[in-house]
Amino acid sequence: MQFRTMTAQQQQERFEAIIEAEGKVEPKDWMPEAYRKTLIRQISQHAHSEVVGMLPEGRWITRAPSLRRKVALLAKIQDEGGHGLYLYSAAETLGVSREDMVSDLLTGKAKYSSIFNYPTITWADIGAVGWLVDGAAIVNQIMLQKASFGPYSRAMIRICKEESFHQRQGYEIILKLAQGTPEQKELAQDALNRWWWPSLMMFGPNDDASPNSAQSMAWKIKRISNDDLRQKFIDQTVPQANFLGLTIPDPDLKWNEERKAYDFGEIDWEEFFNVVKGNGPCNKERLRDRQEAHANGEWVREAASAYAAKKAERKEAA
Ligand code: BYC
C-alpha cells in the first residue's frame with residue numbers, strides 16, 4: 001500500500017514497524033513530525049559542529065612543525081568540511097533548506113558542540129583534539145551508523161571511517177611529544193589537562209538531565225545514553241593515557257573492580273551550560289570567523305548558482 005492511501009493510524013503503525021524491525025526510515029516515508037524535528041535538530045547541530053570544528057585546528061595549518069604534519073592536518077580539516085556537507089545534505093532530505101540552517105548558525109540561534117569553543121594554544125592541542133575530541137566523537141558516532149533514519153545512518157558510516165584516521169593522527173602527535181624532551185612532555189600534559197573535562201562534556205548532560213534522550217532512544221536515533229557513552233570513552237582512554245605516561249587531571253579517577261569501569265569526578269555542568277549559552281572562551285570568535293567566511297564566499301555561491309541557471313537554460317533550449 002502507498003503511504004498516500006494509508007489512514008493516519010496505518011502510517012503510524014508502518015513507521016513503528018520499521019523502527020521495531022531495525023529498518024530504515026527514508027525521506028519519502030511518512031514519519032511523525034516530532035521525529036522529523038528531532039532529526040533536523042540533531043543532524044544540523046552535528047553539521048555545524050563539523051564546520052565550526054575546522055576553526056580551532058585551522059589555526060595550526062601554517063604552524064605545523066613539519067610538512068608531513070601539515071599535510072595530515074590539512075587532510076583532516078578538509079574531511080571535517082566534507083562531514084559537514086554530508087550532514088547538511090542528510091538534513092535537507094527532511095525538508096529544511098541549507099540556507100536556513102546556515103543562517104541559524106551565523107545568527108547564533110543554532111547550537112554546535114561545546115568543545116569547539118575552547119582555544120588551541122599550543123601544537124600539543126592539535127594532538128589532544130585528535131586523540132580526545134575525535135576519540136570521543138567516534139565513541140558517540142559508532143552508534144549513529146545504526147540510526148533509524150537512512151540518510152543519517154549512511155552519512156555516519158563514511159564519517160566514522162575518516163574519524164578513526166583523525167584519532168590516530170592526534171594520538172601520534174601526543175605520543176611523539178610524550179616521548180620527547182621534558183618540555184615536550186609537559187606540553188602534552190598541559191593539553192590533556194585543558195581538554196580532558198571539555199571532552200567529557202561533549203557527550204551532553206547526565207541522563208537524568210537529558211530531555212531528548214529517552215525519545216531519541218525509543219526512535220532508535222540514539223542507541224546508547226549520554227552517560228553510558230561517556231563511561232565507555234573514559235574506560236578506553238585511561239589506558240591510552242597510562243601508556244603515554246600522562247596523568248588524567250582527575251583525582252577521583254579510580255578503577256572500580258565491581259563495576260569493571262572507572263569511577264570519575266564530578267563534571268562542572270555550570271561550565272558546560274555556560275559554554276552552550278554562548279559564553280565559552282571562544283564562542284564569539286567562532287561565530288565571527290564563520291560569518292566572515294560566509295561573507296567572503298558570497299561570490300562563489302553567486303558564481304555557482306549562475307552556472308547552474310545557465311546550464312538549465314541551455315538544457316531547455318536544446
Ligand atoms: N554541546 O537532551 P540532550 C566532531 C545540547 S563534531 C552543545 O542530551 P541530545 C568533530 C543538546 O543539543 C562532534 N550542546 O540532547 C568535528 C540539547 O539542546 P537542544 C559533534 C549540547 O541531542 C571537527 C541539550 O543540550 N557530534 O566530531 O539527545 C573536528 C540537552 O541535551 C551538547 C555530534 O553532534 C554539547 N556537547 O544529545 C573534530 C553527534 N550536548 O538541541 C571532531 C551527534 C548536548 O534540545 N549528536 N547539548 O536545544 C548527538 O549525538 C547528540 O545530539 C548529543 C546530545 C549526544 C550531542
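**Reading the ligand site and the pockets**

Colleague: What lies 2.8 Å from a polar side-chain atom of Gln45?

Modeller: Bear in mind that this is a predicted model. A pair of N or O atoms counts as a polar contact within 3.5 Å. Here, the partner of that Gln45 side-chain atom is an oxygen atom of the ligand. Lys111 has a polar side-chain atom 2.5 Å from a ligand oxygen, and for Arg41 a side-chain N or O atom sits 2.8 Å from one.

Colleague: How much of the ligand does the protein bury?

Modeller: Start with the area the ligand exposes when taken alone, which is 1000 Å². The protein buries 91% of that.

Colleague: And which residues come nearest to the ligand?

Modeller: There are 34 residues around the ligand, and the nearest are Gln45, Lys111, Ser210, Lys222 and Asn226. Sort the shell by class and you get 12 nonpolar, 13 polar and 9 charged residues. Helix H2 gives the largest share, 6 residues.

Colleague: Which pocket does the ligand take up?

Modeller: The ligand's space is the largest pocket, with a volume of about 1000 Å³. Of its 41 lining residues, those closest to the centre are Gln45, Ser113, Met202, Phe203 and Gly204. For this lining, H6 gives the largest share, 9 residues.

Colleague: What about the second largest pocket: how much space lies in it?

Modeller: About 580 Å³. It is lined by 17 residues, and Val51, Tyr88, Val102, Arg290 and His294 are closest to its centre. H5 supplies the largest share of that lining, 6 residues. By class, the lining has 9 nonpolar, 4 polar and 4 charged residues.

Conventions: Residues are numbered from 1 along each chain as its sequence is written. This is a predicted model: local features need pLDDT of at least 70, side-chain atom pairs count only at pLDDT 80 or more; totals for chains, interfaces and linings use all residues. Side-chain values use heavy atoms; hydrogens and water are left out. A residue is near a molecule or strand if one of its heavy atoms lies within 4 Å of it. A polar contact is a pair of N or O atoms within 3.5 Å; within protein, one must be able to donate a hydrogen and the other to accept it, and residues adjacent in sequence count only if both atoms are side-chain atoms. Accessible areas come from the Shrake-Rupley method with a 1.4 Å probe; for residues, only the protein chains shown count as cover. On a 1 Å grid over the protein atoms alone, a cavity is a set of points where a 1.4 Å probe fits but cannot get out, and a pocket is an open set with protein on both sides within 12 Å along at least five of seven lines; lining residues have an atom within 4 Å of a point. A molecule sits in a cavity or pocket if more than half of its atoms lie within 2 Å of its grid points. Helices (H or I, at least four residues) and strands (E, at least two) are DSSP runs, numbered from the N terminus. Ala, Val, Leu, Ile, Met, Phe, Trp, Tyr, Cys and Pro count as nonpolar, Asp, Glu, Lys and Arg as charged, and the others, Gly among them, as polar. Grid points are joined across faces, edges and corners, and a volume is the space filled by probe spheres set on the points.
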